[in-house]
Amino acid sequence: MDALTLVIVVSIVLLGLVIGGAAAYSRSKASKSITSRPRPGIDYSPGVGDDDSEPRDTARKTVETILIPDVLADPTTTIEGIPPALWEVEVPEPALGRLHKLRARLARSNSVFGKGLLGLLTSGNLDQQAWDDIEATLLGADLGIAATTELIAALKIRIAQENDYSEDFMREALHQELVNLLGPDLDRSLCIDAAERPAVILVVGVNGTGKTTTVGKLSRVLISQEKSVLMGAADTFRAAAAEQLQTWGDRVGAAVVRGPEGGDPASVAFEACAVAREAQVDVVVIDTAGRLHTKTGLMDELGKVKRVIEKQSTVDEVLLVLDATTGQNGLVQAKIFSEVVDVTGIVLTKLDGTAKGGIVVSVQRELGVPVKLVGLGEGPDDLAPFDVEEFVTALLN
């Protein structure tokens with residue numbers, strides 16, 4: 001074979017490779033244009049770059065999207081060879097009025113106000129010792145020094161003005177002053193109605209507060225409000241976290257975006273928002289790994305997760321999950337988390353397991369943001385939007 005023939009053969013081979021590559025690329029683009037909605041089982045590669053640059057296609061990490069809402073809405077749907085769903089999607093109970101249904105459970109646990117405090121106020125002898133005992137009771141209920149002082153002063157004024165020591169008057173006076181302390185005018189609604197994009201909720205907190213469970217229960221609350229939900233499993237350090245979210249997703253029809261164990265949580269969060277935008281999902285809820293507020297490196301990482309999400313979408317809510325049983329210790333945690341990621345609302349879990357309902361007042365005053373949701377049990381629908389009147393009525397029941 002002479003040189004000219006060799007050149008011709010090589011040229012033909014190269015031309016064939018170029019044409020074949022172009023055809024493959026066209027088929028790939030065409031297949032993606034069939035639908036704007038992502039498919040279960042597809043591997044996504046976020047490739048989030050450094051904090052100070054736009055996300056780029058380096059250091060790619062596999063991210064899997066599972067259980068897309070349109071498939072779950074009709075379990076008989078078959079897409080591209082994927083068999084029909086074999087699970088039964090639950091219908092969560094409406095979120096409105098949940099706290100009223102759970103009021104008895106709250107009343108049983110929070111006996112400090114209902115029995116101890118009312119008992120002191122109606123003892124018939126409100127001398128200095130009685131007021132000292134009332135102060136000690138309120139401080140023991142995690143109300144905090146400033147709020148305790150304010151409440152006692154308000155009660156003294158009411159009693160002096162009315163000169164009424166009956167139990168009915170004391171109960172009504174205490175009820176009204178507690179409502180005032182809790183800020184009845186605070187906006188406790190979730191920002192879940194973003195214009196032309198999915199609303200983004202970032203859920204943060206220390207280890208053991210129940211963040212992943214809260215994300216699952218919150219998704220049920222949102223779905224009960226007829227919102228489509230995608231959950232981002234950005235807790236890549238705890239092996240069971242992604243599986244736990246997947247179980248919640250299976251039950252209520254929420255999509256889940258997850259990454260490899262030990263992977264970059266910011267990549268998962270970024271891709272969850274991207275997939276949600278493509279799928280036209282209403283709300284994205286991002287679960288993050290629990291971290292001690294004293295660990296500077298982990299707190300910096302949490303700040304990175306938020307910054308990376310903001311490269312493509314506004315973070316509408318940052319919900320801090322606090323364990324109500326930790327009392328005043330939780331306030332230190334709350335303050336540092338708020339400094340790192342600008343907390344917009346509090347979720348108090350395990351409120352049914354403590355007699356210290358005053359933590360609701362303390363944490364609101366410490367952060368200047370409202371308690372928006374409370375956890376009152378282990379059941380899937382035991383996360384309730386916080387209602388001031390219902391809460392105080394339960395405390396004094």
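Which residues form a negative surface patch? In this predicted model, the patch is made up of Asp127, Asp132, Asp133 and Glu135. One of these residues, Glu135, belongs to helix 6, which covers residues 128-140. Glu135 has a relative accessible area of 33% and is therefore classed as partly exposed; a residue joins a patch only when this value is over 30%.

Helix 9, residues 211-224, offers a view of a more covered part of the chain. Its 14 residues should span 20 Å at 1.5 Å a residue, and the C-alpha atoms at its ends do lie 20 Å apart, so expectation and model agree. The helix is mostly covered, with 12 of the 14 residues buried. Among the buried residues are the charged side chains Lys211, Lys217 and Arg220, together with Val215, Leu218, Val221, Leu222 and Ile223. Thr212, Thr214, Gly216 and Ser219 are likewise buried. After the helix comes Glu226, whose phi is positive, near 65°.

Arg220 leads from helix 9 to the salt bridges, of which the model contains 11. The side chain of Arg220 meets that of Asp381 in one of them, with an N to O distance of 3.0 Å. This pair connects distant parts of the chain, for Arg220 lies in helix 9 whereas Asp381 lies in the loop between strand 9 (371-375) and strand 10 (383-385), 161 residues away. Both Asp381 and Arg220 are buried.

A salt bridge within a single helix is found in helix 8, residues 167-182. Here Arg171 pairs with Glu167, and their closest N and O atoms are 3.5 Å apart. Because the two residues are four places apart in helix 8, about one helical turn separates Arg171 from Glu167. The underlying geometry is general: an α-helix has 3.6 residues a turn, so residues three or four places apart point the same way. Arg171 counts as partly exposed at 30% relative accessibility, and Glu167 is also partly exposed, with a relative accessible area of 46%.

A further salt bridge joins Glu310 to Lys306, where the closest N and O atoms are 3.0 Å apart. The two partners fall into separate accessibility classes. Glu310 has a relative accessible area of 39% and is therefore partly exposed. Lys306, with a relative accessible area of 14%, is buried, because the class of buried residues takes in values under 20%.

The backbone also deserves attention at two loop positions on either side of strand 8 (345-349). Most residues other than glycine have a negative phi. Asp342, however, has a positive phi, near 55°. Asp342 is located in the loop between helix 13 (329-341) and strand 8, and its relative accessible area of 52% means that the residue is exposed. In the loop between strand 8 and helix 14 (359-367) lies Lys350. The phi of Lys350 is positive as well, near 60°. With a relative accessibility of 36%, Lys350 counts as partly exposed.

Terms used. Residues are numbered from 1 along each chain as its sequence is written. This is a predicted model: local features need pLDDT of at least 70, side-chain atom pairs count only at pLDDT 80 or more; totals for chains, interfaces and linings use all residues. Side-chain values use heavy atoms; hydrogens and water are left out. Patches are made of residues with over 30% relative accessible area and no salt bridge: like charges are joined within 9 Å, nonpolar side chains (Val, Leu, Ile, Met, Phe, Trp, Tyr) within 5 Å. Accessible areas come from the Shrake-Rupley method with a 1.4 Å probe; for residues, only the protein chains shown count as cover. A salt bridge is a side-chain nitrogen of Lys or Arg within 4 Å of a carboxyl oxygen of Asp or Glu. Lys and Arg count as positive and Asp and Glu as negative; His and the chain ends are not counted. The place of a charge is taken as NZ of Lys, CZ of Arg, CG of Asp or CD of Glu. Buried means under 20% relative accessible area, exposed over 50%, partly exposed in between (1.4 Å probe, protein chains only). The expected span of a helix is 1.5 Å times one less than its number of residues.
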